[in-house]
Amino acid sequence: MHETEGAALGLDYRYRLIDLDDNGGTGALPMWLDRLQRDGYSGSNITYPVKQAVIPLLDRLSPEAEAIGAVNTVKFASDGAREGHNTDWWGFAENLRRTLGNNPLGHVVLIGAGGAGAAAAYALTKLGASRLTIFDNDAQKANALVVLLAPSGVRVETLPLASLAETLAVADGLVQATPIGMLKYPGMPFDPAYLHAGLWVAEIIYVPVDTVLVRRARALGCSTVTGVGMVVLQAAEAFRIFTGAEPDIERMMRSFQSLVGDRTTPTGQAPGLPIRQVSPI
């Protein structure tokens, strides 16, 4: 998607995938940032599970990244500094707006307080959610997110997982921001019986496009938001940061759809991509 958009704009733009699972684990993150910067990359995308762990390795943060406490885009600036940005929040917010319109969000339940969850939570406060209830099996992480969002003025709280069913029963919306539902972590993070037709449901996972959660919610008649829009929109904003060029979002959307189609489960793996400029970690 990045390379296709770069070519369309006449840029010599190459993007390489570095999976930390196969390249030293999360502990190798400092080494990879050093290496990418030394080798002349423009920057790197950062993904699960190191969106928060990368922050101490950076020199400065954008206001959004500082407010969210998570980084998904690192720009290697001309002065040698490492700039941390968060484009996830805007991608999530714009995806939600495009799908649900400007309807009131109401009381939203967020499951997952990690990097993606923090970005989604920040977006929900910007979009005017009236109340946000956060659930995570790591109470310390959930509480830290509540503190981060305190300046928003939105009622933000965290509750124990035992309260999830009763909270969802009276909620207006649900955002799923855990890795549960990815190909390597199949399933749902809670009992599907907790869903009801009055919920709108947003997923941050994009492979598979239709997670178990999305399929179950859709079958109940819920308004559903897949993770496809978020991944394309956050990528477009990252592309802008890396290159200074204005991407064509609809073209990037078509490019992504051509890669994954409408498949619930991909039938194969994308080939490795050559690189010079940008890398996702």
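Let's start with a strand pair. Strand β2, residues 60-61, is joined to β4 by two bridges, and the two run parallel. Keep in mind that this is a predicted model.

Which residue stands opposite glutamate 83 in β4? Arginine 60 does. Their side chains meet too. The side chain of arginine 60 makes a polar contact with the side chain of glutamate 83, at 2.9 Å.

Stay with glutamate 83. Its strand, β4, covers residues 82-85. Is glutamate 83 buried or exposed? Its relative accessibility is 19%. Buried means under 20%, so glutamate 83 counts as buried.

Now its partners. A second polar contact, of 3.3 Å, links the side chain of glutamate 83 to that of histidine 85. Those two residues point one way from β4. Arg82 and Gly84 point the other way. All of them are buried.

What else does glutamate 83 touch? Leave aside the neighbours within four places in sequence. Then glutamate 83 is in contact with Arg60, Thr73, Val74, Lys75 and Ala77.

Some of those names lead us to strand β3. Strand β3 is residues 73-76. β3 pairs with β4 over four bridges, in the antiparallel sense. In this pairing, phenylalanine 76 stands opposite arginine 82. Together, β3 and β4 form a hairpin. Five residues lie between the two strands. Look at glycine 80 in the turn: its phi is positive, about 90°.

Next, the six-stranded sheet. It is open, and the pairing is parallel. Read the order with me: β7-β6-β5-β8-β9-β10. Which strands are at the edges? They are β7, 155-158, and β10, 223-225. Each of these pairs on one side only. On average, neighbouring strands of this sheet are turned by 15° against each other, direction ignored.

Let's pick one pair from that order. Strand β5, residues 107-111, and strand β8, residues 173-176, pair over four bridges in the parallel sense. Valine 108 has glycine 173 in β8 as its bridge partner.

Two helices to finish. Helix α5, residues 115-127, packs on the sheet. α5 touches β5, β6 (131-135), β8 and β9 (200-203). The direction of α5 makes about 170° with that of β5.

Then there is helix α8, residues 212-220, which also packs on the sheet. α8 touches β8, β9 and β10. Its direction makes about 165° with that of β9.

How values were computed
Residues are numbered from 1 along each chain as its sequence is written. This is a predicted model: local features need pLDDT of at least 70, side-chain atom pairs count only at pLDDT 80 or more; totals for chains, interfaces and linings use all residues. Side-chain values use heavy atoms; hydrogens and water are left out. Buried means under 20% relative accessible area, exposed over 50%, partly exposed in between (1.4 Å probe, protein chains only). A polar contact is a pair of N or O atoms within 3.5 Å; within protein, one must be able to donate a hydrogen and the other to accept it, and residues adjacent in sequence count only if both atoms are side-chain atoms. Contact means heavy atoms within 4.5 Å. Two strands pair if DSSP finds at least two bridges between them. Axes are lines fitted to C-alpha atoms, for helices over the stretch in contact, and angles run from 0 to 180 degrees between N-to-C directions.
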